[in-house]
Amino acid sequence: MQKDKIWKLLLLIAIPIIISLIPTPEGLPHIAWLLFGLYLSAIIGLVLKPYSEPVILLATIAASAAVIGITETKDVKVGEVLNGYASGTTWLVFAAFTLSAAFVITGLGKRLSYILIGKLGGTTLGLGYVTAILDLIIAPATPSNTARAGGIVFPIINSVAVALGSDPEKSPRKAGHYLLVNVYMVTKTTSYMFLTAMAPNALALAMMTDIMGIHLSWGGWALAAAVPGLIMLVLTPLIIYKLYPPELKKVNNKEIAAKGLEDLGPMTVREKLLAIIFVLALAGWIFAGQIGVTASTVAICVMALTLILGVVTWDDVLKNKGGWNTLIWYGGIIGMSGVLTKAGFFKWLADVMGQHLSFGDQTMLAFFVIMFISVAIRYLFASGGAYVAAMVPVFATVGMVAGAPPMLLALGLLFSNAYGGSLTHYGGAAAPIVFGAGYNDIRSWWIIGGIVAFLSLLVHMTIGLGWWEILISSGLI
């Protein structure tokens, strides 16, 4: 075992031990204090990564079950720590991963790309909008934005940059610099536009439901994100184009598209079936409430349909490491959050903060301060999932104590995780893939990322806020 891994492991073991040796704070059940130590260790483990996320969470679940069993508490039962694996949220994301894999396996994602390039990619700016439209189309079915941006969009746009004669070392500004950074910035907007567009979305919503008692459907989420999201999708390619204009303005898009489609060949039966299933999935998620089912039920039905019709095989599902990793560690973190809630930890935290934190009657000021911090702090996180696990419960609790409107606070926090990740070249798993192509430098990336992130915050806190209040007052969310 490597020396740095040993030190990280020792630190993670020491945290719950030290917490257990500290006297339990007044008013907090002892079991909640012990479970908090394990939860804190898990969060730090997600940041330090001595092991992969599933390993860290499985170890935390095992330790939590042991602690609950040994203490023989009446507040929480041993089996409840596994409730995250029975959560519809966990299975919604896992099932959606199958659709995501299908877009790659069948080649439908590539086909859509080349069709859009042929129709709209006559200029470099046009290619920027092709990226935005493609990402928006496939986002509802790709909870891994790494797979979406890094596995579908990036290889195509990178090959386009090469075809245009833009070399990472000799001529990055010819086209590649603009096209590649735009891939990442665009996906940080589409990632919050749908519940199923980024895996941490479902995790954050599950936590919000436990802590704040808010409820938001798949359709309600998409409706709330539509206005600010579409505004940013229109602005982002243009802003990057103005900040760092590519040297090449005109593109022979017809030739690029024809070559790409020729390589793919005629549209296969699997692609056609996937297109139909995708439309059915969208309809099911949008109208889930009206037909009396949950978004999770729709996702599992869609997953079963793709397997039965042979769009993907079970072996394809088994090879989808991202889906299985998400199932294990998201189920674990949701389970831990649930038992902490039941043990009374977040209620105690809210009471303590209520005694020591006050914005007076300035509830909206509290809301704006929390939102600004929620974006700025993303400089410290390389994982949206780690950010959600560590900060969403804190921001949600602080906001509730300060009297911020619950639904407005929830929507603001649910969306800021995604666009906050645009700040740095490590703000999400797709960032190193795109940055690694070599077309972009750190300075320009951070400048573009800072402008996109804080402009997104401004749009959400002005136009978005007004839109959400209309939706709330009209009962649409």
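**Exercises on pairs, burial and contacts**

K342 is partly exposed, at 48% relative accessible area. Here buried means under 20% relative accessible area, exposed means over 50%, and partly exposed falls in between (1.4 Å probe, protein chains only). The model is predicted: local features need pLDDT of at least 70, side-chain atom pairs count only at pLDDT 80 or more, and totals for chains, interfaces and linings use all residues. Residues are numbered from 1 along each chain as its sequence is written, and side-chain values use heavy atoms, with hydrogens and water left out.

**Salt bridges**

Task: Find the partner of K342 in a salt bridge and place both residues.

Solution. Start with the criterion: a side-chain nitrogen of Lys or Arg within 4 Å of a carboxyl oxygen of Asp or Glu. The whole structure holds 4 salt bridges. In one of them, K342 meets E80, with N to O at 2.4 Å. Now place the pair: K342 sits in helix α16 (residues 321–342), while E80 is in the loop between α3 (53–71) and α4 (88–106). The two are 262 residues apart, so this pair links distant parts of the chain. Helices are DSSP runs (H or I, at least four residues), numbered from the N terminus. Last, check burial: E80 is buried, because its relative accessible area is 17%.

Task: Compare the settings of the pairs E271–R111 and D263–K259.

Solution. Take E271 and R111: their closest N and O atoms are 2.7 Å apart. E271 belongs to helix α12 (residues 269–286) and R111 to helix α5 (residues 108–120), so the bridge ties together parts 160 residues apart in sequence. Both E271 and R111 are buried. Next, D263 and K259 meet at 2.8 Å, N to O. Both lie in helix α11 (residues 253–264), 4 residues apart, about one turn of the helix. D263 is exposed, because its relative accessibility is 55%. K259 is partly exposed, at 47%.

**Contacts of buried residues**

Task: Describe the surroundings of Y39.

Solution. Y39 is in helix α2 (residues 30–48). Y39 counts as buried because its relative accessible area is 4%. Contact means heavy atoms within 4.5 Å. Beyond neighbours within four places in sequence, Y39 touches M207, I333, M336, S337, L340, A389 and P393. Pick S337: it is 298 residues from Y39 in sequence, yet the C-alpha atoms are 8.1 Å apart.

Task: Do the same for T190.

Solution. T190 lies in helix α8 (residues 176–190). Its relative accessible area is 0%, so T190 is buried. A polar atom of its side chain lies 3.3 Å from the backbone oxygen of T187. Leaving aside neighbours within four places in sequence, T190 contacts D135, L136, A139, R148, A197 and L233.

**Core and surface**

Task: Which residues have the most contacts inside the largest nonpolar core?

Solution. A core joins buried Ala, Val, Leu, Ile, Met, Phe, Trp, Tyr and Cys residues through side-chain atoms within 4.5 Å. The largest has 157 residues, and I117, L179, M208, W285, F345 and F415 have the most contacts inside it. Follow F415: beyond its neighbours within four places in sequence, its contacts are Y192, W221, A224, A225, H460 and W468.

Task: Which residues form the nonpolar surface patch that includes L10?

Solution. I6, W7, L10, I13, I17 and L21 form the patch, with about 640 Å² of accessible area together. L10 is in helix α1 (residues 3–21). L10 is partly exposed, because its relative accessibility is 44%.

How values were computed:
Patch = residues over 30% accessible without salt bridge, like charges linked within 9 Å, V, L, I, M, F, W, Y side chains within 5 Å. Areas by Shrake-Rupley, 256 points an atom, 1.4 Å probe, with all protein chains shown as cover. Polar contact = N/O pair within 3.5 Å; in protein donor to acceptor, adjacent residues only side chain to side chain.
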